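User: Please take a close look at a single part of this model. I would like one connected account of how that part is placed and what surrounds it.

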Amino acid sequence: MENLSQEQITEKAIIYSALMLHDDEIKVTSEKIQNVLKSANIPFESYMVDMYVRFFENNEIGNLISSGGSVGTVTAEPNTADKEEEEEPEPEPEPESESESDDDMFGGGLFD
């Protein structure tokens, strides 16, 4: 823990607070996490707590635990889930060459 920045310590404390609340079957809210952080004398910015709470609202903590947290990371970037994904058109298959002979189709001609 001594090699971590203050921001990293705060992030870990927020996550641990959410896990404690979830374990006690208490709804994870910004106010409750902030209370835990204050009682542990952990400095924090309220926007960080809000960011994580929004993440936990959209991702069930129990599912995150059972999946090993493979959902991704929390970022302050805007939610892109509402945007339509741009799909690239699939390439059209190339038409078969009409110049193929029957020998080519049946493997002939290679050693002839």
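Analyst: L19 lies in helix α1 of what is a predicted model. Its relative accessibility is 34%, so L19 counts as partly exposed, the range for that class running from 20% to 50%. L19 also belongs to a nonpolar surface patch, together with I15, Y16 and I65. The accessible area of these four residues together is about 360 Å². Helix α1 gives the most to this patch, with three residues.

The next residue, M20, is in helix α1 as well. With a relative accessible area of 46%, M20 is partly exposed. M20 can also be placed relative to V36: the two are 16 residues apart in sequence, and their C-alpha atoms are 9.4 Å apart in space.

The helix itself covers residues 6-23, which makes 18 residues. At 1.5 Å a residue, a span of 26 Å is expected, since the product is taken with one less than the number of residues. The end C-alpha atoms of α1 are 25 Å apart, which agrees with that expected span.

Besides its partly exposed residues L19 and M20, α1 has a set of buried ones: T10, A13, I14, S17, A18 and L21. These buried residues cover an arc of only 135 degrees around the axis, which puts them on the same side of α1. The spacing fits a general rule: an α-helix has 3.6 residues a turn, so residues three or four places apart point the same way. As for what the buried residues face, they pack against α2 (30-39), α3 (46-58) and α4 (61-66).

After the helix comes E25, with a positive phi near 60 degrees. E25 is not a glycine, and its place is in the loop between α1 and α2. The sign is worth noting because most residues other than glycine have a negative phi. E25 is exposed, its relative accessible area being 74%.

N41 offers a parallel case in the loop between α2 and α3. Phi of N41 is also positive, near 55 degrees, and N41 is likewise a residue other than glycine. At 69% relative accessibility, N41 counts as exposed.

In short, α1 has its buried residues on one side, within an arc of 135 degrees, and it contributes three residues to the nonpolar patch on the surface. The helix is followed by E25 with its positive phi.

Notes:
Residues are numbered from 1 along each chain as its sequence is written. This is a predicted model: local features need pLDDT of at least 70, side-chain atom pairs count only at pLDDT 80 or more; totals for chains, interfaces and linings use all residues. Side-chain values use heavy atoms; hydrogens and water are left out. Helices (H or I, at least four residues) and strands (E, at least two) are DSSP runs, numbered from the N terminus. Buried means under 20% relative accessible area, exposed over 50%, partly exposed in between (1.4 Å probe, protein chains only). The arc is that of the directions from the helix axis to the C-beta atoms. Contact means heavy atoms within 4.5 Å. Patches are made of residues with over 30% relative accessible area and no salt bridge: like charges are joined within 9 Å, nonpolar side chains (Val, Leu, Ile, Met, Phe, Trp, Tyr) within 5 Å. Accessible areas come from the Shrake-Rupley method with a 1.4 Å probe; for residues, only the protein chains shown count as cover. A salt bridge is a side-chain nitrogen of Lys or Arg within 4 Å of a carboxyl oxygen of Asp or Glu.
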